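Subject: A structure for you to look at

Hi there,

Here is the structure I promised to pass on to you. Have a look at it first, and then read on for what I found.

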Amino acid sequence: MTEQLVERVREALRVVIDPELGENIVDLGLVYDIRVLGEAVCITMTTTTPGCPATSFLREGAQAAASAVSGVVSADVTMTFEPAWTPDLIAPAVRASLGFATVN
């Protein structure tokens, strides 16, 4: 049941779009962890840079999206910059659409 709730929350987070890159926070690799503690969901995420002007927007969007999932009573979003985000965390198809070269 916990794994299913984590996956439902992950899918819900896909509606949160980074306003600068135009892609969702899951595929951009901004979501580091989703944990279920009883009826609460704890999300650990980051932004592309520590000074990102969209930090509050993304945090609030993630909290709202997770809170809307059936079975979630509360959602807590923690922002972190450890480890630092890199383009390597972007899903391959999205990375290609954004023009990041693949190095073999």
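The chain exposes about 5,900 Å² of surface, and carbon and sulfur atoms supply 55% of that area. Please keep in mind as you read that this is a predicted model. Of the 104 residues in the chain, 38% are buried.

Now for the overall shape. The C-alpha trace spans about 40 × 25 × 20 Å along its principal axes. A compact globule with 104 residues would have a radius of gyration near 13 Å, so the 14 Å of this chain agrees with that. Contacts tell you something about the fold too: among those with a separation of 6 or more, 62% join residues that are 24 or more positions apart.

You will find three helices and three strands in the chain. If you start at the N terminus, the order of the elements is α-β-β-α-β-α.

A good place to begin is helix α1, which covers residues 2–13. Its 12 residues reach 16 Å from the first C-alpha to the last, close to the 16 Å expected at 1.5 Å a residue. Which residues of α1 are buried? They are Leu 5, Val 6, Val 9, Ala 12 and Leu 13. Look down the axis of α1 and you will see these buried residues fall within an arc of 120°, so they line one face of the helix. Their cover includes β1 (31–37), β2 (40–45) and α2.

Next, turn to helix α2, residues 55–67, where you will meet Thr 55. Is Thr 55 buried or exposed? Its relative accessibility is 13%, and because buried means under 20%, Thr 55 counts as buried. Leaving aside residues up to four places away in sequence, Thr 55 touches Thr 47 and Met 79.

Another threonine, Thr 86, sits in the loop between β3 (74–79) and α3 (92–97). With a relative accessible area of 33%, Thr 86 is partly exposed. Thr 86 and Ile 25 are 61 residues apart along the chain, and 13 Å separates their C-alpha atoms.

Finally, a word on cysteines. Cys 42 has a relative accessible area of 24% and is partly exposed, whereas Cys 52 is buried at 7%. How many disulfides does a search of the whole structure find? The search finds zero.

Enjoy exploring, and write back with any questions.

Best wishes

Definitions and conventions
Residues are numbered from 1 along each chain as its sequence is written. This is a predicted model: local features need pLDDT of at least 70, side-chain atom pairs count only at pLDDT 80 or more; totals for chains, interfaces and linings use all residues. Side-chain values use heavy atoms; hydrogens and water are left out. Helices (H or I, at least four residues) and strands (E, at least two) are DSSP runs, numbered from the N terminus. Buried means under 20% relative accessible area, exposed over 50%, partly exposed in between (1.4 Å probe, protein chains only). Contact means heavy atoms within 4.5 Å. A disulfide is a pair of cysteine sulfur atoms within 2.5 Å. The expected span of a helix is 1.5 Å times one less than its number of residues. The arc is that of the directions from the helix axis to the C-beta atoms. The radius of gyration is taken over C-alpha atoms; the globule rule is 2.2 Å times the number of residues to the power 0.38. Accessible areas come from the Shrake-Rupley method with a 1.4 Å probe; for residues, only the protein chains shown count as cover.
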